[in-house]
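I opened my notebook today to look at how two helices pack, and then at the hollow places in the protein. Here is what I looked up, entry by entry.

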Amino acid sequence: MTLEEKVAQLQSVPPRWMDVEDESEMTAKAQLLDEDGNINEDNAADLLEDGIGHFTRLGGGGSLPPQQAAEVTDALQELLIEETRLGIPAIPHEECLSGYMGPKGTTYPQGMGIASTWDPDAVEEMSTQIREQLRAIGAHHALSPLFDVARDPRWGRTEETFGEDPYLVAKMGSAFVDGLQGDDPEEGISATLKHFAGHAISEGGKNRSTVQIGERELREVHLFPFEAAVQETDADSVMNAYHDIDGVPCTSDEWLLTDVLRGEWGFDGNVVSDYFSVRLLKDEHQVAPTIYDAAIQAVEAGLDVELPQIKAYQHLVEAVENGDVTEETIDTAARRVLKQKIEKGLLDDPGVDPDRVQEAFGPEKNREYARKLARESVTLLKNDDDLLPLEGEESVAVLGPKADAPSGQLGDYAYAAHYPEAEVNREIVTPLDAMQDRLGDDVEYVEGCTTTGPDTDEIDAAVDAAAEADVAVAFVGTRSAIALSDDDEGIEQVPDLPTSGEGADVTDLELPGVQQELVEAVNDTDTPLVVVQVSGKAHSIEWIDQHVPAVLHAWLPGEEGGNGIADVLLGEHNPSGRLPISVPKDVGQLPVYYSRRPNSRNERHVYVDSDPLYSFGHGLSYTDFEYGDVTLESDEIATTGTVEASVTVENTGDVAGHEVVQVYSHQRWPSQARPVQELRAFERVHLEPGESATVTVEISATQLAFHDRDMNLVVEPGEYELRVGSSAEDIESTADFEIVGDPRELARSARAYFSETDVE
């Protein structure tokens with residue numbers, strides 16, 4: 001290969017240029033596709049002259065219907081094979097955080113909602129369905145899932161994550177990878193672990209801002225999910241994060257991208273850049289005086305492919321010729337890209353079978369499964385006097401700005417939310433749709449207010465509707481979207497401003513706009529009130545918790561969200577969601593994640609204690625579950641041993657339901673200040689009325705290891721407590737055990753990442 005051909009493998013081309021300095025540059029750029037999605041033949045020949053590493057989101061970014069996406073991808077691959085010297089196809093990639101982010105792709109609940117199911121098997125089935133749609137349009141690589149551990153809900157992208165706990169994030173994320181990649185590399189979609197690393201804990205909860213963190217916490221919390229996925233799923237790809245850690249941008253961090261990822265963990269896949277992050281070494285971090293220097297810094301750190309378009313890495317040919325980068329560095333990165341292409345079978349047959357498009361897409365495709373996930377993600381936070389489920393015979397006032405907002409049911413990386421100007425070509429069922437479908441004329445709808453903005457004109461009408469009804473249901477929350485504009489003129493007046501999603505970071509966690517006023521006004525009637533949060537973030541709703549009898553969080557439930565919510569409200573599904581993140585009483589409490597160290601967990605502010613409003617793992621049911629005592633096979637294990645614990649759970653209520661059995665560990669008198677408790681295992685169990693099941697968990701001593709003062713990973717002998725319960729706060733039973741012997745330093749190969757569970 002020539003140097004130019006090797007560098008081309010490290011670059012990507014989108015259907016149309018995504019980010020330019022000004023409109024004149026956009027006009028001057030050669031576009032791969034025209035506005036109708038047709039290939040610009042001359043431009044394509046020029047852009048792809050030396051080959052290319054990736055095609056950037058031809059279907060989603062090009063807004064192409066699936067059949068056209070498949071045909072365009074096939075034609076471009078043929079062009080590479082027939083018209084370039086080496087005939088090497090590209091890797092087409094897409095986004096699929098909550099489903100394929102393109103026209104006619106099924107949209108499932110957003111990440112935080114999926115995490116609320118606490119069901120890795122359900123996640124794997126979801127990403128298996130996503131894989132089918134991606135492969136049908138000719139994609140081979142996906143920029144999902146997130147492995148960020150979210151502990152600051154001010155951060156807009158909190159909704160995209162699997163929550164605040166590294167073990168839960170690792171389990172759910174790994175299941176996503178397994179479904180996406182499948183068992184056959186040629187039929188699977190390469191998953192991308194992102195954002196490497198610590199992206200969710202930036203200063204001020206602001207997207208892309210500096211992260212200040214010690215190496216021990218970085219490794220044990222924020223690197224752990226990535227390490228577990230690399231070791232357990234053989235993930236194909238990793239994406240760097242935008243921010244810097246203690247002054248070193250992740251994009252150019254050789255310690256992170258090479259020493260840890262490849263040297264310590266043995267990762268042998270591709271590192272792809274988050275979009276434009278190489279350029280941001282110059283424009284944002286200001287550590288590179290030119291784009292030329294930014295390219296050198298990134299490739300030398302171990303970043304293989306620049307996404308989403310030709311920008312910085314085009315200068316690598318000149319950099320090698322000038323002696324600023326060795327050709328061996330380029331060779332290493334190019335080999336990794338070519339290795340992936342070989343493993344995906346692209347060199348043998350990159351073609352697309354049109355029949356797969358018909359099988360994979362359709363208006364009803366995967367809708368039932370999307371509905372299943374939607375209803376299983378709904379989390380019941382409060383239910384005084386068993387107000388829920390509704391009997392189905394009452395007159396219902398449906399209120400609030402999230403009741404009849406189709407895109408308001410979706411996360412920021414769903415096609416309709418990401419591209420609000422695009423035609424919505426999948427039916428999105430809103431809560432109002434579903435309630436009217438079930439209850440007909442017994443439903444009276446008043447919006448009441450908008451998600452943001454100061455207008456209170458419709459609140460009186462909402463109060464009147466509630467007063468005339470047997471029950472009122474207020475659907476409140478945030479609008480989720482990509483919000484990267486710096487223009488804040490008149491922002492307080494905007495009626496539907498994104499306050500969740502990428503770039504939509506906030507300084508308070510209250511319901512935005514005048515939604516709190518709406519809830520308070522409706523609550524002043526004599527009509528029982530249910531508040532349903534349709535929102536990607538945890539809100540500080542202490543007043544609502546104190547005054548409103550029933551509260552649910554439906555997160556961002558996807559295209560079948562309305563039906564999923566109605567299934568729970570009307571008792572057709574017993575709520576089974578559990579919180580993957582702690583809910584604060586007030587933003588000033590942060591952090592409130594359950595696994596803080598004792599001095600953070602126990603200290604308080606003047607006017608408020610340190611307890612969350614709702615704890616990690618919390619979620620109510622329409623039935624009751626009773627736990628027996630947890631028993632251990634042995635109360636003493638070696639540093640190489642395994643503790644086996646069993647607990648029996650019984651459904652003592654009148655309806656069938658799911659319980660999520662959660663197992664936490666606590667170490668007494670450790671040699672370092674350690675988290676007060678840490679999640680070690682969980683199991684979702686379905687029980688009929690009167691039915692019981694015994695859950696057995698095997699936890700390796702190596703899972704209890706932590707980094708000592710010399711940053712060695714060590715299993716420490718001592719006294720431990722195993723805690724079993726329905727949330728981090730609601731512990732039902734405990735048992736003590738001891739690890740005996742000398743401290744044991746672990747090799748990576750000796751470490752267990754996940755517990756084994758069994759249900760009888």
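**Entry on a helix pair.** I began with the contact of helix 6 with helix 7, keeping in mind that this model is predicted. From helix 6, I listed Pro120, Val123, Glu124, Met126, Ser127, Thr128, Ile130, Arg131 and Leu134. They meet Lys171, Met172, Ala175, Phe176, Asp178, Gly179 and Leu180 in helix 7. Sorted by class, the residues of this contact are nine nonpolar, three polar and four charged.

Next I looked up the geometry. Helix 6 covers residues 120-136, and helix 7 covers 166-181. The two pack at an angle of about 35 degrees, and their axes are 7 Å apart. Is their crossing left-handed or right-handed? I found that helix 6 and helix 7 make a right-handed crossing.

**Entry on a pocket.** Helix 7 turned up again when I checked the second largest pocket, where helix 7, helix 8 (215-233) and strand 23 (678-687) each supply at least two residues of the lining. Which element gives the largest share? My answer is helix 8, with five residues.

I noted a volume of about 690 Å³ for this pocket. Its lining has 35 residues, and those nearest the centre are Arg151, Glu217, Val221, His222 and Tyr593. By class, I wrote down 15 nonpolar, eight polar and 12 charged residues for the lining of the second largest pocket.

**Entry on cavities.** How many cavities of 30 Å³ or more does the structure hold? I found seven. The largest cavity has about 120 Å³ of space. It is lined by 18 residues, with Gly105, Thr107, Tyr415, Ala416 and Arg426 closest to its centre. That lining divides into eight nonpolar, seven polar and three charged residues.

Then I moved to the second largest cavity, with about 80 Å³ of space. I could write out its lining in full: Ser665, His666, Gln667, Arg674, Pro675, Gln677, Glu678, Arg680, Leu704, Phe706 and Tyr720. Strand 22 (657-668) and strand 23 are the elements that give two or more residues to this lining. Strand 22 gives the most, with three residues. My class count for the second largest cavity, taken from its lining, reads four nonpolar, four polar and three charged.

**A link I liked.** Strand 23 appears in two of my entries: it supplies at least two residues to the lining of the second largest pocket, and it also gives two or more to the lining of the second largest cavity.

Methods
Residues are numbered from 1 along each chain as its sequence is written. This is a predicted model: local features need pLDDT of at least 70, side-chain atom pairs count only at pLDDT 80 or more; totals for chains, interfaces and linings use all residues. Side-chain values use heavy atoms; hydrogens and water are left out. On a 1 Å grid over the protein atoms alone, a cavity is a set of points where a 1.4 Å probe fits but cannot get out, and a pocket is an open set with protein on both sides within 12 Å along at least five of seven lines; lining residues have an atom within 4 Å of a point. Grid points are joined across faces, edges and corners, and a volume is the space filled by probe spheres set on the points. Helices (H or I, at least four residues) and strands (E, at least two) are DSSP runs, numbered from the N terminus. Ala, Val, Leu, Ile, Met, Phe, Trp, Tyr, Cys and Pro count as nonpolar, Asp, Glu, Lys and Arg as charged, and the others, Gly among them, as polar. Axes are lines fitted to C-alpha atoms, for helices over the stretch in contact, and angles run from 0 to 180 degrees between N-to-C directions. A crossing is left-handed if the near helix is turned anticlockwise from the far one by less than a right angle, and right-handed if clockwise. Contact means heavy atoms within 4.5 Å.
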